[in-house]
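Open the structure in your viewer and keep the selection tool at hand. The stops below can be visited in order.

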Amino acid sequence: MKSLVMLIILCILLGAVRTSAQDEGLKIGYGDQREGELSASESEGVYRFQGAQGDSITITVNALEGSLDPLLILLDSARQQVLALDDNNGGGRDARLRFVLPADGIYVITVTMAPGSGVGRYRLGLNLNNPTPIPVGAISTPLIAPILPGVPASGRLDSASGIALYALKGTGNSAIRVELAADLGLEASLSLFADDLRTRLASGEGTVLTAILPGDGVFFVVVSRVKGEGSISLKADYTPLIDAPLPDLPVLIPGQSVAGVIDLDFARTFRFAGDQGSAVRFDLDFTEGLEVIAVLADASFHQIAVSAGSLARVLLPSTGTYYVMVMRRAGVADPQSGSFSLTLSGAPPEVPLQPIAFGQSLNGEINDSRYRVEYVIRAAAGEGIVIHLEAISGSQLDPLVLLLDSNGAILGRNDDRAPGLVNASLPYQFSESGRYVVVATRQGEATGKSSGGYRLQIERRSAPEPTPAPAATGSEAGTPAVTPGPNGPDLQAIAYGDSLSGTITDGNPLRYYVFQGASGDQVEIRLSQSSGYSLDPLLYLYLYQEGAQPTLLGGNDDLADGVEGEAGLSLTLPHTGSYLIVATRKGAAAGTTVGNFVLFLRKLN
């Protein structure tokens, strides 16, 4: 009833709001506060601000005096569409709303009086909860690279990244000269920093920098954007050092967080040692109003990964020293400041996409925070299918379905199965056997406006040409054969009461098993080393939920202290659905132990 009353009130208020649409309103920005007063003659306050797609904002209105009960309304730039409104979520008579902006542009805030409200003064606040994320794809060139004597290096400075680092190993007490060339309209500064990126050793005069290196070691030539955007090219002449000492930098220890501050220092640098094939991730938390970029580089300062925030799962390409730089996005001279926390951790094995079988029907949801859900299917040459993606009852979704090959290339797409129908249907006949990806999304994808629940089904229209049945590949009688997949892991079925054998090798260090469980099932999973082998088992369990990414429920290396030959998990399943067991070894792909194992799955209740 309250929502119905508010809707009626809103319709009445909108009439008043639209009549004054020609008023542009007062300008307000993120972090600003404005005070105003509502009275019989001034019944509303109008404010405008510039926002970017993905901005998560909080707007507050606090009543300062009088009997004012403020009503807060967020509208589009034309003041024709109400995006959000609030009356009392700020506590007492105060108003507060949170909203994620759907697009770049101007937005309008209206402060008015709720029905029954008196008059009085108020304070309006506008805050950005998250820095506007930088699309990683917008960073078109590496942010860090080595620069060799006399060999030109290139890069680009723009709004996505206003900084570029060039690393060198130089001889102490020798001269260095750097010359910078930039596109017309791009103005950039040139600096020389020590290996910690905190000590500035020299600044360029215009496009030329000269200095004497204070000692043997690693140095950084830093090019920072002042205004404009475009490409850069620079050339450095210096005396190289073959064996530079390891930089004296803070060392990252897995599981331990390190803190840092970006203010006068535009960047902080850390190092750690890693093994080839190890999977790592870096969790980066930073204060509101600070926009940073995290860069991972190898021992020669070749860029491996970059992100506007945390670095997700990264496989280390070799054994040795690695460097992580946390840098201010806008460059050396930008006034942004704040603190951050960086944590290095290992990443569990990569989980395959949620499988879907022919004839199976799966439900999910598309919204602004998750506008794309991917599923994997396996198909044979000559097989024909129709993919149906439909909005469920009550959903406002305008479905769009895509079919991708194993390399991500689009094989087909459909938005409307027929004129006037929003549901999507995509027929396709496969010319090659393999693994394919079905994408459930919405019209417009990231920039789309529709949202809601969906139902995905794959209909099999024609069977492939018959081929001789292959010999069973199970490692013991009764074990289901694993269907080989040229791209991605093989999935093997397991059920309660099963005991399956397998082998972990350097060439195949991960084995995947799927079972069906019900909410409340108490299960026990054991992964045991077979007699005569050195395998140190490691076990992970994931939950597959419809319309969501797989969720890690737990992992175990040693069932008991000092026991390296057996891993185990005992837990109660939280949902009804598909569960994935990952059987591997300590260190996963980077591990060294190999051998046969036995996997047990039991239901205890």
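What follows is a tour of a predicted model, one selection at a time.

**Stop 1: Asp94**

Select Asp94, in the loop that runs between strand E6 (82-86) and strand E7 (95-100). Which side chain of opposite charge is nearest to Asp94? It is that of Arg93, 6.2 Å away, and Asp94, although buried, has no salt bridge. Now add Asn62 and Ala63 to the selection. The side chain of Asp94 makes a polar contact with the side chain of Asn62 at 3.0 Å. The side chain of Asp94 also reaches the backbone nitrogen of Ala63, at 2.9 Å.

**Stop 2: aromatic pairs**

Next, show the aromatic side chains. How many aromatic pairs does the structure hold? There are twelve, and two of them are visited here.

Begin with Tyr30 and Phe49, a tilted pair with 6.0 Å from centre to centre and 55° between the planes. Tyr30 sits in the loop between strand E1 (26-27) and strand E2 (33-38), while Phe49 belongs to strand E3 (residues 44-51); the pair links distant parts of the chain, 19 residues apart. Is Phe49 buried or exposed? Phe49 counts as buried because its relative accessibility is 2%, under the 20% limit. Tyr30 has a relative accessible area of 29% and is partly exposed. Add Tyr107 to the view: Tyr30, Phe49 and Tyr107 form one aromatic cluster.

Then move to Phe301 and Tyr323. The ring centres of Phe301 and Tyr323 are 4.6 Å apart and the planes meet at 20°, so this pair is stacked. Phe301 is in the loop between strand E22 (292-297) and strand E23 (303-307), and Tyr323 is in strand E25 (residues 320-328), so the pair ties together parts 22 residues apart in sequence. Phe301 is buried, at 3% relative accessible area, and Tyr323 is buried as well, at 4% relative accessibility.

**Stop 3: Asn414**

Select Asn414 in strand E32 (residues 410-414). Asn414 counts as buried, with a relative accessibility of 16%. A polar atom of the Asn414 side chain lies 2.9 Å from the backbone nitrogen of Ser425. Show what surrounds Asn414: beyond its neighbours within four places in sequence, Asn414 is in contact with Pro399, Leu400, Val401, Asn423, Ala424, Ser425 and Leu426.

**Stop 4: strand E43**

Now select residues 577-585, which make up strand E43. How many of the nine residues of E43 are buried? Eight are, and the strand is mostly covered.

Two strands that pair with E43 can be added to the view. Strand E38 (residues 511-517) runs antiparallel to E43 and is joined to E43 by seven bridges. In this pairing, look for Tyr513, which stands opposite Ile581 in E43. Strand E40 (residues 537-544) also pairs with E43 in the antiparallel sense, over eight bridges. Here Tyr542 stands opposite Leu580 in E43.

**Stop 5: Val598**

Finish at Val598 in strand E44 (residues 595-603). At 19% relative accessibility, Val598 counts as buried, because the limit is under 20%. Add Gly502, which is 96 residues from Val598 in sequence but 6.4 Å away in space, C-alpha to C-alpha. With its neighbours within four places in sequence left aside, Val598 is in contact with several residues, among them Ser499, Leu500 and Ser501, and also Arg526, Leu527 and Ser528.

How values were computed: Residues are numbered from 1 along each chain as its sequence is written. This is a predicted model: local features need pLDDT of at least 70, side-chain atom pairs count only at pLDDT 80 or more; totals for chains, interfaces and linings use all residues. Side-chain values use heavy atoms; hydrogens and water are left out. Helices (H or I, at least four residues) and strands (E, at least two) are DSSP runs, numbered from the N terminus. Buried means under 20% relative accessible area, exposed over 50%, partly exposed in between (1.4 Å probe, protein chains only). Lys and Arg count as positive and Asp and Glu as negative; His and the chain ends are not counted. A salt bridge is a side-chain nitrogen of Lys or Arg within 4 Å of a carboxyl oxygen of Asp or Glu. A polar contact is a pair of N or O atoms within 3.5 Å; within protein, one must be able to donate a hydrogen and the other to accept it, and residues adjacent in sequence count only if both atoms are side-chain atoms. Rings of Phe, Tyr and Trp (its six-membered ring) pair if their centres lie within 6.5 Å; planes under 30 degrees apart count as stacked, over 60 as edge-to-face and the rest as tilted. Two strands pair if DSSP finds at least two bridges between them. Contact means heavy atoms within 4.5 Å.
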